[in-house]
Amino acid sequence: MKLSTKISVCILVKNAQNTIKECLESLKSFDEIILLDNQSSDDTLKIANEFKAKFNNLKIYSSEFIGFGPLKNLAINYASNDWIFSIDSDEVLEFQALNEIANLDLNPQNIYALPRKNLYKGEWIKACGWYPDYVLRLFNKTQTKFNSNFVHESLEAKNLNIIKLKNGLRHYAYDDISTLIEKMQKYSTLYAIQNRAKKSNISKAVLHSVWKFIRDYTFKNGFLYGYKGFVISLCNALGAFFKYTKLYELNSKKPSVSLIITTYNSEKYLEQVLKSVQNLDYLPMEVLIADDGSGVATKNLIERFKSNFPCKLRHIWQEDKGFRLSQIRNKAINSAVGEYIILIDGDMVLEPNFILDHLKFAKKKQFLQGSRVVLDESQTGFIIQGGDTSEIKNFKSKRNILLANLIYKSSAIKANFFKKRDFIKGIRGCNMSFYKIDCDEIGGFNENFIGWGREDSEFVARFLFSGGELRRLKFFGIAYHLYHAENSRKMLESNHQIYLNTIKEKRVKWR
């Protein structure tokens, strides 16, 4: 049959050796067939090439899996015609539908929907939510495209007319219960990945699955199909259960953490910090000592701890050329393999909950300022002599979950802060955290700073200008600051000017 309008067929395919031949045979009247293979490992491509040898309208491309929506749009880009007919590799265009398409007066403002017969073990199931099943398949690519959904992709039909055809597709949905379960697992996983921003819980999973079974088996007449109706309804319910539980597990999964500790010739303090890391309730995947040029004593201390340290301990060193905190931080961050970065100074003794507290509040595009408890000289001496922070009077009362949540929720600062003011008080690099990807986006810490002062505030300013926000952890994420003489402030004035220039120019990257 000759079609009056040139139409390109687009098919995604992966391991469809049982259906691809019949699918292609039903499409041989079309001007062009674009087959986009997603790394098939069976005889799918062999069968497709045999068809190609007989007909000149088949073009074969390949791609890794990038999501169903993006894959379908990629196939459309390969098509030479404006009119697109989208079909799955386990579907067959029925002859009556081909005849109906051939006689259409195609209008670019229309999307044409075809009815689909969903088959289980060869039987058309008109129940379980499978019927009626109209799918949007024939459209003009100058007017619409598929959305970018990883799964459950659809055409963007806004402002276009949907025209339903009388004839349509035969869909070999499932051959048996094994394929039902296999697809259920695949699509529930893809759903969780796609909807990671949504919240889920076990109650939601149970309620959705119970309702899904009752609806499909009872109200949507699954019981009329006996064993098949029961199996389909049950698998539909399990699919709902698993997609919400997988989403819950995915959202509950903690990012991998790289804990970075900055130091410079302060072995007695660094030793106490490393001991506190050993006592953490939840360990980072790695600890990086960002060393701004310390001597051999620091190296020997780190080597001693390495022998029985509970996680990977790495020494990131640079030559001593004066105070170059930004440079050594960047060097350590670039070397880090964790998704989430927690930065502390080498004089900060950590509470056991420290990592878990930061992770509890960790979010993309968010800078967390942790809580600092300043020890005096006598308290510091007590710690260095082997004392524990829990033994220092009233220190346990510093931790308060209720106040921590209240302050966190009310402490958000964004870039609009700088419309009225130019300095955010209380930014301390001795206890802070953020996602590594967000740090990379702004180019890390500004290496133009020389000497102590404002490098942390300038980093936060650029973080905010990139669309991020600052939130504070008070009474949570606690670290104890060991007493020592203050750093020289002779470069503070010039460093403050670098900070003010960043504010004035609303810089995101420092170079």
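**Exercise 1. Find which residues line the largest cavity of this predicted model, and which helices and strands supply at least two of them**.

Solution.

Step 1. List the lining residues. They are C10, I11, L12, K72, A75, S86, I87, D88 and F146.

Step 2. Assign them to elements. The strands β1 (7-13) and β4 (83-88) and the helix α3 (68-78) each give at least two residues to this lining.

Step 3. Sort the lining by class. It holds 6 nonpolar, 1 polar and 2 charged residues.

**Exercise 2. State how many cavities of 30 Å³ or more the whole structure has, and what volume the largest cavity has**.

Solution.

Step 1. Count the cavities. The search of the whole structure returns 1 cavity of 30 Å³ or more.

Step 2. Give the volume. For the largest cavity the value is about 50 Å³.

**Exercise 3. Determine how many disulfides the structure has, then check C23 and C235**.

Solution.

Step 1. Recall the bond. A disulfide joins the sulfur atoms of two cysteines covalently.

Step 2. Fix the cut-off. The two cysteine sulfur atoms must lie within 2.5 Å.

Step 3. Give the count. Searching the whole structure yields 0 disulfides.

Step 4. Check C23. Its nearest cysteine sulfur belongs to C10 and is 12 Å away, and C23 is in no disulfide.

Step 5. Check C235. Here the nearest cysteine sulfur is that of C128, 10 Å away, and C235 is likewise in no disulfide.

**Exercise 4. Decide whether C23 and C235 are buried or exposed**.

Solution.

Step 1. Set the cut-off. A residue is buried if its relative accessible area is under 20%.

Step 2. Apply it to C23. The relative accessible area is 0%, so C23 is buried.

Step 3. Apply it to C235. The relative accessible area is 8%, so C235 is buried.

Methods: Residues numbered from 1 in each chain as written. Predicted model: local features only at pLDDT ≥ 70, side-chain atom pairs only at ≥ 80, totals over all residues. Heavy atoms only, no water. 1 Å grid on protein atoms, 1.4 Å probe; cavity = no way out; pocket = protein on both sides within 12 Å on 5 of 7 lines; lining within 4 Å. Points joined across faces, edges and corners; volume = space filled by probe spheres on them. Helix = DSSP H or I, 4+ residues; strand = E, 2+ residues; numbered from the N terminus. Nonpolar A, V, L, I, M, F, W, Y, C, P; charged D, E, K, R; others polar. Buried < 20%, exposed > 50% of the residue type's maximum accessible area, 1.4 Å probe, protein only.
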